[in-house]
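I opened my notebook for a first walk through this structure. Here is what I looked up, one entry at a time.

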Amino acid sequence: MRKFLCTILALTAFAAGRMDACTNVIVSPGASADGSSMVSYAADSHGLFGELYFRPAARFTAGSRLAIREWDTGKPMGDIAQVERTWQTVGNMNQRQLIIGETTWGGREEQVNADGIMDYGSLIYITLQRATTAREAIQTIVDLANTYGYPSEGESFSIADPKEAWVMDLVGKGQQKGIVWVARRVPDGYICAHANQARITRFPLDDPDNCLYAPDVISFAREQGWYEGEDADFSFRDAYNPLDFGGARACDARAWSAFNILCDGVFTYEENGQEVSRPATDWLDYAMGYDLKGEMPLFVKPARKITVKDVADVMRDHFEGTPMDMTTDIGAGGNGLPYRWRPMNFTVDGKTYLNERAIATQQTGFWFVAQARGFLPDEVGALIWFGCDDAATSYLTPIYANLTQVPECLREGNGDLLHYSPTAQFWMCNRVANACYKMYDRMAPVARAAADRFEREQLERGVPEMDAKLKALVERGRLRKARKMMTKYSVETAQAQFAAWTKLEETLLVKFIDGNIKAQDEQGNFLHTEYGIGFPDKLQYGGYNEVWKRAVANDPHAPVLESK
């Protein structure tokens, strides 16, 4: 297998629209360790602030209208008819355990309907207010887009409820109002992943239990001259989002990496009604953009039952251990930094090169792993593990979707991208992340260990104990007390961890100041000499990795102290 550096010669032009790119992993109930449906989402954008959206349930009088603002910009788009009642939403989940995530894939420019008012963000958050199941959500999305027009680019939606999980690809119809779309149910026991590239290719035309689609999804492509074959051979991706080098290397490569991690390097999938297993490396050339003729499976069976922690750690991936590993080449510098500042491509001596785009990225606004837990009442089962900024150096805190208020550190309006707030989780996670970027191989493991300790404590003790108490209250009809208790737990846990992260940032500054590394004991106290508490003992120097040293040694201008 060919091994290339992180910066490689681009085979085709890279689409600028993929720079703000998101990643989703979808886990069906039968594939999870506790029987929950799960969706992970990294909302990656250089212009997105990380905060937890909160909309209480409400009732409206006949004739009420709902103002629509574009999610990305806040621009007024118009208004639509309001429904009689809405469900409470917390982030990308509602109180009925419905979850919706997304990744944008652009598509053909002529498919954007400039006159539409129902952008992709509005589709998500309005649908969460109105729908109770995944299938109902799919129909709501279709009805909203077809009624009011869809002005955004192509999208893949992750949609899950306690019983099933779906992936939905959709895109506008240009001058015609509405969308063409197809949605497929993730087979129970399987997982799916998508990352800014349409993932649904061929699909069954007569299996409504597992596949839904627009009645004109094929005929519209024919009318536009984008497809000429038989209906049975129609591929949604090939017609509406044709795969190119950028779509594979910068997008599907992330889905491949998620599968690779969760499947232990072996993809097990269904082919012609039979279960087949093949090494993940069989699709490596596809993921790296060298063989676009291949077709990576849409659904794979994980190597074991998947936990929240498994999914969370996938969201922290930088292609470690693969030929696309972002920590091992000269682009990572002397301390293995797995990030490349934008733009993603650059030109040297007439050749254009491309930086990798991994799942974890510096421009994440917020990220989460949401669980729809059918083994618990709706009032308790709806749980979203929520985080801000770069997943690799931040933490997820558990938030019950039926709470009555969100933590101050995650409250909307507590700071924004242009206004720093010392009480906002987004800004504190950015402080920790940006501190780690200067000496990543030494500092990031400290942040990661702190996140791991917190998440494991909540997964193994905090949440299970709270679930049991809340379930007992709900079963006795004491919903008000249950909501009060889950709110107290969600808020206090989030605020306590925010305080811990504030302390962590201070520790990182003291421990790694000026490239020095101070030793600590098991309790975290810094070691000092017996002659003065302010003078450190066992001081080490950070230095640089071997890749960096050899790159410098190969520079003809490098000063040589001695030669043997």
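Which residues does G542 touch, not counting residues up to four places away in sequence? I was working with a predicted model, and there I found M439, R442, G515 and I517 touching G542.

I then checked where G542 lies: it is in the loop between β27 and α12. I looked up its cover too, and G542 is buried, with a relative accessible area of 8%. One of its partners, R442, is 100 residues away along the chain, yet the C-alpha atoms of the two are separated by 7.4 Å.

Next I stayed with that loop. Y544 also has its place between β27 (540-541) and α12 (546-553). I noted that Y544 joins I330, V547, W548 and V552 in a nonpolar patch on the surface. Together they have about 420 Å² of accessible area.

Then I turned to the inside. I found that the largest nonpolar core has 170 residues. Among those with the most contacts inside it are F234, F366 and W501. Helix α10 (residues 440-475) gives this core its largest share, 12 residues.

I picked W501 for a closer look. Leaving aside neighbours within four places in sequence, I saw that its contacts include T393, Y395, M428, V432 and A447.

My last stop was helix α1 (residues 120-130). I counted 11 of its 11 residues as buried, among them Y120, L123 and R130. At the start of α1, I found a side-chain oxygen of D119 within 3.2 Å of the backbone nitrogen of G121.

Note on methods: Residues numbered from 1 in each chain as written. Predicted model: local features only at pLDDT ≥ 70, side-chain atom pairs only at ≥ 80, totals over all residues. Heavy atoms only, no water. Core = buried A, V, L, I, M, F, W, Y, C linked by side-chain atoms within 4.5 Å. Buried < 20%, exposed > 50% of the residue type's maximum accessible area, 1.4 Å probe, protein only. Helix = DSSP H or I, 4+ residues; strand = E, 2+ residues; numbered from the N terminus. Contact = heavy atoms within 4.5 Å. Patch = residues over 30% accessible without salt bridge, like charges linked within 9 Å, V, L, I, M, F, W, Y side chains within 5 Å. Areas by Shrake-Rupley, 256 points an atom, 1.4 Å probe, with all protein chains shown as cover. Salt bridge = Lys/Arg side-chain N within 4 Å of Asp/Glu carboxyl O. Polar contact = N/O pair within 3.5 Å; in protein donor to acceptor, adjacent residues only side chain to side chain.
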